[in-house]
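Student: Please take me slowly and closely through one part of this model, explaining each term as it comes up. I would like to follow how the contacts there are counted, and what lies behind them.

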Number of protein chains: 2
Amino acid sequence: MKGTLGILGGMGPLATVDFMQKVIQATPANRDQDHIPLLVHAVPQVPDRAEAILAGSDEPLTWLREGAAILRSAGAEAIAIPCNTAHYWYDDLANHIDVPVLHIVDAAAAQLKSAGIINGTVGLLATKGTVDAGVYQNRFEKLGFNCRAPDDALQSENVTAGIAAVKAGDLRKGRTLLETAAITLAQQDCLAIVLGCTEIPIVLTKDMSPAPGIGYLDATDALARAAVDWHLETTKTAKTG
Amino acid sequence: MKGTLGILGGMGPLATVDFMQKVIQATPANRDQDHIPLLVHAVPQVPDRAEAILAGSDEPLTWLREGAAILRSAGAEAIAIPCNTAHYWYDDLANHIDVPVLHIVDAAAAQLKSAGIINGTVGLLATKGTVDAGVYQNRFEKLGFNCRAPDDALQSENVTAGIAAVKAGDLRKGRTLLETAAITLAQQDCLAIVLGCTEIPIVLTKDMSPAPGIGYLDATDALARAAVDWHLETTKTAKTG
């Protein structure tokens, strides 16, 4: 079906559900039939992405390619990956498939710009794999943003531990740990805090704030909005073309 | 991958997300990789199921068959359909595919029995299509249960209108309308109230109660538990076989 979005998910399972919910919320719809057709590949057996990057392994890429190929043959016309860390393999994946793969970092930058933040320093809460690999930094720099990540101690004791708590279902502990990291970054001249790991917006939400005037930018939500824009653009072309 | 569950969803989109969340919650897991591999076909353009039944049309069956075939070729080894009304076409679908299709009514009956309700009268909140087609009544009767559905006025003014409110995102209105219907049924000697439409457990939850000693039986949750049981059984056989 025209405009079918493929979701390469399962990293982790709850993040996929959160992303689907955000796609549904971002879609202008009055009835079931107005919603976007979705195909979802949520196979959580993909090896841990952050661990693979830190160990110099490309093992997750094989899984990502296989999942993308399955989505493609099932009829997906674009692919979204609700896992920031997996974007480390974005080029290797996007260059081997004949449909657009939406990039979560581009989507986050677009949402910052819509919120009136057109350049400057933003804080980054993400896995150590995402931070060390420069998934955000490289792409953000070209778009006019600097990224400030937590120092090693804060990254390990609050961000890594907070993400693990969310994955284990201890949302209260995860929220406390991650919020402390966000407040610390917000005090270091950041214009916004990018929630660059799909587990984080499960506990830190847009109606919260780490400091007066500083907001959270939910990368999962940004990707959902980019997916809806892609769908509306594609089906509009189909209707008029 | 062994034990991959196919979800034939999109009816409606939020019900699919609710079902996935319930599968994740019902799975014994300590990390991403312990969760069930899922393939999801969520194409909400399937014509309205309840309207089709009332109009005598089998149009949704064509969509269901196509979705099931896509899930099958993508690698699904069993199929769950988080839409009660779509089970009207269960036999036509299950007889044309070579993997098990879990039945939501059997799953609901199994959960009633685990809750100690082994026979007797239960109330049914479902779409008019599900009620009129006897989706629950026929199967429940063989399993020892009688179904009591609301009378025509209550069905139309509270159940149909309540489901439509949930689909339109007005959860407060949906909850009020549906809870009134549940309370009325609970006063008519029902041992439990089966929430037999996937939109209903979005607003009426297991921690609520329509009358002292009377609980809600969430058919979506029952199907999720049946899916987890199927997965554990299948992968256990694979490991020992």
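Where the chains meet, and what lies behind

Tutor: Between chain A and chain B, 13 residue pairs are in polar contact, with both residues at pLDDT 80 or more; a polar contact is a pair of N or O atoms within 3.5 Å, where, within protein, one must be able to donate a hydrogen and the other to accept it, and where residues adjacent in sequence count only if both atoms are side-chain atoms. Before we go on, please keep in mind that this is a predicted model, in which local features need pLDDT of at least 70 and side-chain atom pairs count only at pLDDT 80 or more, while totals for chains, interfaces and linings use all residues. Residues are numbered from 1 along each chain as its sequence is written, chains are lettered from A and ligands numbered from 1 in the order in which they are written, and side-chain values use heavy atoms, with hydrogens and water left out.

If we count by contact (heavy atoms within 4.5 Å), then 31 residues of chain A and 31 residues of chain B take part. The size of an interface is often given as the accessible area lost when the parts come together. For chain A and chain B this buried area (the accessible area, found with a 1.4 Å probe, that two parts lose on being put together, summed over both) is about 2,600 Å², and carbon and sulfur atoms give 64% of it. On the side of chain A, the residues that lose the most area to chain B are A:Asp32, A:Gln33 and A:Gln45, which together make up 22% of what that side buries.

There are also charged pairs to look for: 4 salt bridges are found across the interface of chain A and chain B, a salt bridge being a side-chain nitrogen of Lys or Arg within 4 Å of a carboxyl oxygen of Asp or Glu. An example that you can find in the structure joins the side chains of B:Asp32 and A:Arg49, with N and O 3.2 Å apart. Turning to the elements of chain A (DSSP runs numbered from the N terminus, with helices being H or I of at least four residues and strands E of at least two), those that give two or more residues to the side touching chain B are α1, β2 (38-42) and α3 (59-74). Of these, α1(A) gives the most, with 7 residues. Sorted by class, that side of chain A has 20 nonpolar, 7 polar and 4 charged residues, where Ala, Val, Leu, Ile, Met, Phe, Trp, Tyr, Cys and Pro count as nonpolar, Asp, Glu, Lys and Arg as charged, and the others, Gly among them, as polar.

We can now follow A:Arg49 into its own chain, where A:Thr85 is in contact with A:Arg49, and also with A:Ala50, A:Ile53, A:Thr127, A:Gly129 and A:Thr130, leaving aside neighbours within four places in sequence. A:Thr85 sits in the loop between β3 (78-80) and α4 (90-94) of chain A. Because its relative accessible area is 4%, A:Thr85 is buried, a word that stands for under 20% relative accessible area, with exposed meaning over 50% and partly exposed in between (1.4 Å probe, protein chains only). Its side chain makes a polar contact of 2.8 Å with the side chain of A:Thr130.

That pair has a place in the wider plan, for chain A is divided into domain 1 (5-103 + 222-240) and domain 2 (104-219), with bounds that come from an automatic or database domain assignment. The contact between these domains takes 24 residues from domain 1 and 25 residues from domain 2. The two domains bury about 1,800 Å² between them, and carbon and sulfur atoms give 57% of that area. In domain 1, A:Asn84, A:His103 and A:Ala222 lose the most area to domain 2, together 39% of what that side buries.

Between the two domains of chain A the counts are 1 salt bridge and 14 residue pairs in polar contact, both residues again at pLDDT 80 or more. The elements that each supply at least two residues to the side of domain 1 touching domain 2 are α1 (13-26), α2 (49-55) and α10 (219-240) of chain A. By class, that side of domain 1 has 15 nonpolar, 5 polar and 4 charged residues.
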